[in-house]
Amino acid sequence: MASDSQIVTCPSCGTKNRVPVAASGKPSCASCKAPLPWLTIADDRSFAKVVLESKVPVLVDLWAPWCGPCRMVSPIVERMAAQYAGRLKVTKVNVDESPAVARDYDAMSIPTLLLVKGGKVVDRMVGAVPETQLTQFVSRSVT
Ligand SMILES: [Zn+2]
């Protein structure tokens, strides 16, 4: 089951911050106020709260542990959280544990990457892609 918060180390000052998976604002460091990377996990139970109700755009990574290409793209997806800190939330969804999300978002082949804004999928990409292509995918929707 996905946790409601996680510890994120501030990239600017090293302070450890507890960051909720769902919040109305954007996470920032308690010490230096720098925006924090927002890397979260969601499942069928929490998807609406974590992704659809998010006030910031969300990059959703639909993946599974047995999927080789997913493991290739996973660190790249996670780097987007740091690169777009304060502007993007990154949410990983294990489709094996989240059959409703997999069905609703048509994750027939994985990894499937979704860009969700205001509860709507505005862009999607299937397959492991290089970092430059993923950056282009995100920057089309996130300024
Ligand atoms: Zn800090």
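What geometry do the 4 donor atoms of the zinc ion give its site? The angles among them run from 105 to 114°, and the site is tetrahedral. The close-up views below are of a predicted model.

**Figure 1. The zinc ion and its cysteine donors.** The protein donors are the SG atoms of Cys10, Cys13, Cys29 and Cys32, which lie 2.3 Å from the zinc ion. Along the sequence these donor residues follow the spacing C-x2-C-x15-C-x2-C. For four tetrahedral donors the ideal angle at a metal is 109.5 degrees. The site shown here has angles of 105 to 114°. Cys10 is buried, because its relative accessible area of 3% falls under the 20% limit. Cys13 has a relative accessible area of 38% and is partly exposed.

**Figure 2. The aromatic pair of Phe47 and Tyr105.** The count of aromatic pairs comes to 1. Phe47 and Tyr105 form this pair, with 5.1 Å from centre to centre and 45° between the planes, a tilted arrangement. The pair links distant parts of the chain, its residues being 58 apart: Phe47 belongs to helix α1 (residues 47–52), while Tyr105 sits in the loop between α3 (99–104) and β6 (112–117). Both Phe47 and Tyr105 are buried.

**Figure 3. Lysines over tryptophan rings.** Lys89 lies over the face of Trp38, 4.2 Å from the ring centre. Lys92 is placed over the face of Trp63, at 5.3 Å from the ring centre.

**Figure 4. Strand β4 and the strands that pair with it.** Strand β4 covers residues 58–63, and 5 of its 6 residues are buried, so the strand is largely enclosed by the rest of the structure. With strand β5 (residues 89–94), β4 pairs in the parallel sense over 6 bridges. Leu59 stands opposite Val90 of β5. With β6, the pairing of β4 is antiparallel and runs over 5 bridges. Here Asp61 stands opposite Leu113 of β6. Helix α2 (residues 68–83) joins β4 and β5 in a right-handed β-α-β unit.

**Figure 5. Backbone features of the loop between α3 and β6.** Which residues does the cis peptide bond join? The bond lies between Ile110 and Pro111, with omega about 0°. Pro111 is in the loop between α3 and β6. Asp106 is found in that loop too. Asp106 has a phi near 55°, a positive value in a residue other than glycine. Most residues other than glycine have a negative phi, and most peptide bonds are trans. The relative accessible area of Asp106 is 46%, so Asp106 is partly exposed.

**Figure 6. Lys33 in the loop between β2 and β3.** This loop runs between β2 (16–20) and β3 (38–42). Lys33 has a positive phi of about 70° although this residue is not a glycine. Is Lys33 buried or exposed? With a relative accessibility of 59%, Lys33 counts as exposed, because this value is over the 50% limit.

**Figure 7. Ser141 in helix α4.** Helix α4 spans residues 131–141 and contains Ser141. The relative accessible area of Ser141 is 14%, so this residue is buried. Ser141 and Leu52 are 89 residues apart along the chain, and their C-alpha atoms are separated by 16 Å.

Conventions. Residues are numbered from 1 along each chain as its sequence is written. This is a predicted model: local features need pLDDT of at least 70, side-chain atom pairs count only at pLDDT 80 or more; totals for chains, interfaces and linings use all residues. Side-chain values use heavy atoms; hydrogens and water are left out. Donors are N, O and S atoms within 2.8 Å of the metal (3.2 Å for Na, K and Ca); water is not among the atoms, so sites may look incomplete. Four donors count as tetrahedral if all angles lie between 85 and 135 degrees; four count as square planar and six as octahedral if opposite donors are over 155 degrees apart and all others between 65 and 115; anything else is irregular. Buried means under 20% relative accessible area, exposed over 50%, partly exposed in between (1.4 Å probe, protein chains only). Rings of Phe, Tyr and Trp (its six-membered ring) pair if their centres lie within 6.5 Å; planes under 30 degrees apart count as stacked, over 60 as edge-to-face and the rest as tilted. Helices (H or I, at least four residues) and strands (E, at least two) are DSSP runs, numbered from the N terminus. A charge sits over a ring if NZ of Lys or CZ of Arg is within 6 Å of the ring centre and within 35 degrees of the ring normal. Two strands pair if DSSP finds at least two bridges between them. A crossover is right-handed if, with the strands pointing away from the viewer, the path from the first strand over the helix to the second runs clockwise.
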